[in-house]
Amino acid sequence: MLRILFFFSLLFIFSNNAAAMDFCVANLKRPAGPAGYPCITPTKVRANDFVFHGLGVAGNTTNIIKAAVTPSFVAQFPGLNGLGLSIARLDLAPGGVIPMHTHPAASEILYVLSGKITAGFISSANSVYVETLFKGDVMVFPQGLLHFQTNAGGKPASAVVSFNSPDPGLQILDFALFANNLTSSFVEKTTFLDDATVKKLKGILGGTG
């Protein structure tokens, strides 16, 4: 019993110490753990550790999805470490799409800067929630659920997205299925797609097998 009480007292002390810290700028030279990156020495922290300059320029949308994501996560913005938030910019050319994907570690909120964006998500009960958004509109995507964004107009569209994690994680459904080395026969069995379709998609997305 005393050992258990001692253990929980240590947890309480450590959690209080963590909460008492003003910040923990990430030491990106060391590996991240479940709680994030280790802190750099406070005397080495500089003002620019808390500033990110990359969201003012549109991303390059000359690619297969005609879209770009400019992340400002802890790996790009060390001052976010331990603070429970991050941000990114989305740019979608006409016809652009952010394919169906999930963020395992965070919920997401999207704010439309320009253009018209159709966005939506699918619940764990397979209910679909889709809305067309205009400049100034906001939509939220709950943690871990499949969601997407598409350009719904004839002009470029852009948005800012924020997450309640400094490292929200990302898994894109199309790439998870067709950009790997899982044999086509297994993909066909689990997706009910024919061999020609699976091999075509693997060829487009760089998968093998």
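In what order do the strands of the open sheet of five strands with strand 6 run? The order is 6-5-8-3-10, and the pairing is antiparallel. The model shown in these views is predicted.

**View 1. Strands 6, 5, 8, 3 and 10 form an open sheet.**
Read the strands across the sheet as 6-5-8-3-10. Strand 6 (128-133) and strand 10 (171-172) are the edge strands. Each of these two pairs on one side only. Strand 10 meets strand 3 (residues 97-102) in the antiparallel sense. Two bridges join strand 3 and strand 10. At one place in this pairing, T102 stands opposite Q171.

**View 2. T102 sits in strand 3.**
Is T102 buried or exposed? T102 has a relative accessible area of 12%. Buried means under 20%, so T102 counts as buried. Its contacts, leaving out residues up to four places away in sequence, fall in two stretches of numbering. One stretch is G144, L145, L146 and H147. The other is G169, L170 and Q171. Q171 is also the residue that T102 faces in strand 10. For a sense of distance, look at N126. N126 is 24 residues from T102 along the chain, and their C-alpha atoms are separated by 14 Å.

**View 3. Another open sheet has five strands in the order 1-2-9-4-7.**
Its pairing is antiparallel. Strand 1 (67-72) and strand 7 (138-141) stand at the edges. Each has a single partner strand, so one side of each is left without a neighbour in the sheet. Neighbouring strands of the 1-2-9-4-7 sheet are turned by 20 degrees against each other on average, direction ignored. Strands of a sheet pair through backbone hydrogen bonds.

**View 4. Strand 9 pairs with strand 2 and with strand 4.**
Start with strand 2 (residues 86-92). Strand 2 and strand 9 (residues 157-163) pair over seven bridges, in the antiparallel sense. S86 has F163 as its bridge partner. I87 has S162. Now turn to strand 4 (residues 108-114). Strand 4 and strand 9 pair over six bridges, again in the antiparallel sense. Here V112 has A159 as its bridge partner. How many residues of strand 9 are buried? Five of its seven residues are, and the strand is mostly covered.

**View 5. Strand 7 pairs with strand 4 and has two faces.**
Four bridges join strand 4 and strand 7, in the antiparallel sense. I109 stands opposite V140. In a regular strand the side chains alternate between the two faces of the sheet. Strand 7 shows such alternation. M139 and F141 point to one face and are buried. V138 and V140 point to the other face and are not buried.

**View 6. The largest nonpolar core has 20 residues.**
L110 and I117 have the most contacts inside this core. Which elements give two or more residues to the core? They are strand 2, strand 4, strand 5 (117-122), strand 7 and strand 9. Strand 9 gives the largest share, four residues. Now zoom in on L110. Not counting residues up to four places away in sequence, L110 touches L90, L133 and D137. L110 also touches V138, M139, F141 and Q149, as well as A159, V160 and V161.

**View 7. A disulfide joins C24 to C39.**
A search of the whole structure finds one disulfide. The S to S distance is 1.9 Å. The angle about the S-S bond is -105 degrees, and the link is left-handed. Both C24 and C39 lie in the loop between helix 1 (2-20) and strand 1, 15 residues apart. C24 is buried, with a relative accessible area of 15%. C39 counts as partly exposed, at 32%.

**View 8. N81 is in contact with C24.**
N81 is found in the loop between strand 1 and strand 2. With 3% relative accessibility, N81 counts as buried. A polar atom of its side chain lies 3.0 Å from the backbone oxygen of C24. Leaving aside neighbours within four places in sequence, N81 is also in contact with V25 and A26. G36, Y37, P38 and V74 complete the list of contacts of N81.

Key
Residues numbered from 1 in each chain as written. Predicted model: local features only at pLDDT ≥ 70, side-chain atom pairs only at ≥ 80, totals over all residues. Heavy atoms only, no water. Pairing = 2+ DSSP bridges. Axes fitted to C-alpha atoms, helices over the stretch in contact; angles between N-to-C directions. Buried < 20%, exposed > 50% of the residue type's maximum accessible area, 1.4 Å probe, protein only. Disulfide = S-S within 2.5 Å. Polar contact = N/O pair within 3.5 Å; in protein donor to acceptor, adjacent residues only side chain to side chain. Contact = heavy atoms within 4.5 Å. Core = buried A, V, L, I, M, F, W, Y, C linked by side-chain atoms within 4.5 Å.
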